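The following exercises are to be worked through with the sequence and the structure side by side. Each task is followed by a solution that proceeds in steps.

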Amino acid sequence: MSDHDARPDRIDPAGLAGLAADLAGFTVDAVTDLLDERSIAALDRENVLPARLRLRERDEPLAVLVRLLLLGETVAEEHVRTALPSSYEAAAAAGLLVVEHGSVRAAVDLRPTRLGEEDLLLASDPSEAATGRGVRPDHVLGLGGASATLARLTIRRPVSRALDLGTGSGIQALGLSAHADRVVATDVSRRALDLAAFNRDLDREVRRVRSERRVEPSAQVAQVARVAGPAQIELRHGSLWEPVAGEVFDLIASNPPFVISPRGGALATYTYRDGGRSGDDLLAGLVADLPRMLAPGGIAQLLGNWEVRAGEPWQTRVEGWARGTGLDAWVIQRELLDPAQYVETWLRDGGLTPDRDGAAWDEAYEQWLADLDSRQVAGVGFGYLVFRNQGARPPWVRLEEITGTIAPVLGETIATVLDVVDTLERTDDAALADWHVRVAPDVTEERHYRPGEADPQVIVLRQGGGFARTVRADTVLAAVVGACDGELSLGRIAAAVAALLDVDPGALWAQVARPVRGLLTDGLLLAPSDAAGALP
């Protein structure tokens with residue numbers, strides 16, 4: 001049997017319940033405790049060898065599950081039967097296990113995954129690290145780097161209807177089900193939908209078993225205390241918006257096939273990453289369609305690549321897309337690769353290496369560079385795109401580059417920024433002067449002096465969390481911020497600073513109002529909790 005013959009979605013209910021019972025203790029913490037730091041770090045780099053060496057020939061049930069399901073090893077049948085006492089036969093019948101001459105290997109990668117504070121079991125196709133072979137064009141990814149990034153960015157506030165566009169193995173849909181009344185997940189790949197269905201059903205059963213056994217990690221309880229359980233996930237087959245035509249959503253999360261790759265020739269088209277369109281046209285098209293897909297107040301969060309053409313700033317193309325929507329738009333470029341770096345990255349992602357594949361590598365490399373050169377691509381950007389259907393007011397559009405280290409989880413940070421933006425867009429400077437604001441607890445101030453001088457040459461406000469921003473401030477702005485403890489209004493603080501400097505209070509407030517708005521937007525200053533409620 002080929003690994004791609006496995007149909008885990010067809011496992012019978014009793015078999016699924018047995019599998020959930022067998023895997024309820026197969027958690028991130030259990031695996032971490034079994035392995036050492038070196039092995040875990042290597043697995044994060046998709047190197048399975050240190051973990052294989054540590055568990056070599058160990059046959060206790062947890063070690064067998066790790067060897068079989070995470071590391072792609074072939075294990076003696078008797079040990080697998082012991083590790084999966086309630087589900088071995090059903091798992092083999094569904095093709096999850098491939099049995100050959102008394103030995104067993106897994107047809108899928110099935111591993112515990114942590115999404116926020118929540119443990120999930122996620123099935124996907126085995127990686128190149130586990131199989132030693134390049135991945136197939138219809139490969140279904142598990143929790144890869146991009147999907148993990150999107151999960152950490154996604155706003156986790158309650159919504160009515162959510163969409164996971166291009167669900168793959170279903171990881172985003174599972175996350176959305178924790179805080180949406182209804183989730184729709186789509187994909188053009190039927191194999192991806194098979195795995196997503198299995199993951200959805202297994203997640204439901206594992207939750208039930210853990211709840212009955214009362215073994216849920218305490219950190220999970222708040223997340224999983226959805227008495228009626230997570231929202232049902234409806235899976236639909238089709239390309240892009242086709243399966244949801246005419247519908248609108250309160251939250252859209254999408255890790256679309258955004259890789260900019262040439263069509264045809266020596267390169268295979270990988271369903272999970274290649275959209276089948278020229279350049280960045282797929283992402284541009286998705287963005288253009290968002291206004292008709294978002295309910296009033298609805299938010300879309302996407303990842304993407306965009307072309308940076310020779311002689312143009314990186315913002316040029318993306319800003320055109322963003323402003324064309326009429327939505328609030330916030331785009332953050334996290335990295336920029338030159339064309340050669342980009343080609344090498346994605347050739348290796350598909351399993352090609354120059355040492356092993358020689359001529360095929362060279363041919364694909366040349367074809368890919370020629371495609372980028374044909375459009376005068378000088379670089380390829382990667383980043384985050386956030387859109388909101390803000391209603392009648394003029395849209396807020398922000399494009400920025402943030403390349404440094406940022407907080408690992410940013411969903412609530414992004415939601416708060418959008419809240420503050422909405423409030424500030426409807427607040428004039430006179431009303432803003434009445435706000436009582438506080439400096440965020442993670443903000444520090446740095447002052448840099450030249451030797452012997454009394455006044456600082458540079459004042460920097462530094463944010464410890466969120467997007468870890470640094471903001472240059474002059475002495476006037478620093479004085480205003482330093483007094484923001486929530487007791488006095490911004491207007492009274494500005495008047496006091498003006499009195500100290502013997503300048504006109506109105507002129508000083510006019511000088512600092514705009515940078516104060518920026519500090520509020522970025523979270524270095526915290527708006528009063530009643531600011532939005534006080535608006536007309």
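**Exercise 1: aromatic pairs**

A search of the whole structure, which is a predicted model, finds eight aromatic pairs.

Task: Determine how the planes of Phe382 and Tyr384 are arranged in their ring pair.

Solution: Begin with the distance, for the ring centres of Phe382 and Tyr384 lie 6.4 Å apart, and the cut-off for a pair is that centres lie within 6.5 Å. Next take the planes, which stand at 90°, whereas edge-to-face requires an angle over 60 degrees. The pair of Phe382 and Tyr384 is therefore edge-to-face. Finally, place these rings in their setting: together with Phe258 they are linked by ring pairs into a cluster.

Task: Decide whether Phe382 and Tyr384 are buried or exposed.

Solution: The term buried applies under 20% relative accessible area. Phe382 has a value of 17% and is therefore buried, and Tyr384, with a value of 7%, is buried as well.

**Exercise 2: an open sheet**

Task: Establish which strands stand at the edges of the open sheet formed by β15, β16 and β17.

Solution: First read the strand order, which is β15-β16-β17 with antiparallel pairing. Then consider partners: β15 (443-448) and β17 (470-473) each have a single partner strand and stand at the edges, so one side of each lacks a neighbour in the sheet. Neighbouring strands are turned against each other by 25° on average, direction ignored.

Task: Describe how β15 is joined to β16.

Solution: The two strands run antiparallel and are joined by six bridges, with β16 covering residues 458-463. As for individual positions, His448 stands opposite Val458 in β16.

Note on methods. Residues numbered from 1 in each chain as written. Predicted model: local features only at pLDDT ≥ 70, side-chain atom pairs only at ≥ 80, totals over all residues. Heavy atoms only, no water. Pairing = 2+ DSSP bridges. Helix = DSSP H or I, 4+ residues; strand = E, 2+ residues; numbered from the N terminus. Axes fitted to C-alpha atoms, helices over the stretch in contact; angles between N-to-C directions. Phe/Tyr/Trp six-rings, centres within 6.5 Å; stacked < 30°, edge-to-face > 60°. Buried < 20%, exposed > 50% of the residue type's maximum accessible area, 1.4 Å probe, protein only.
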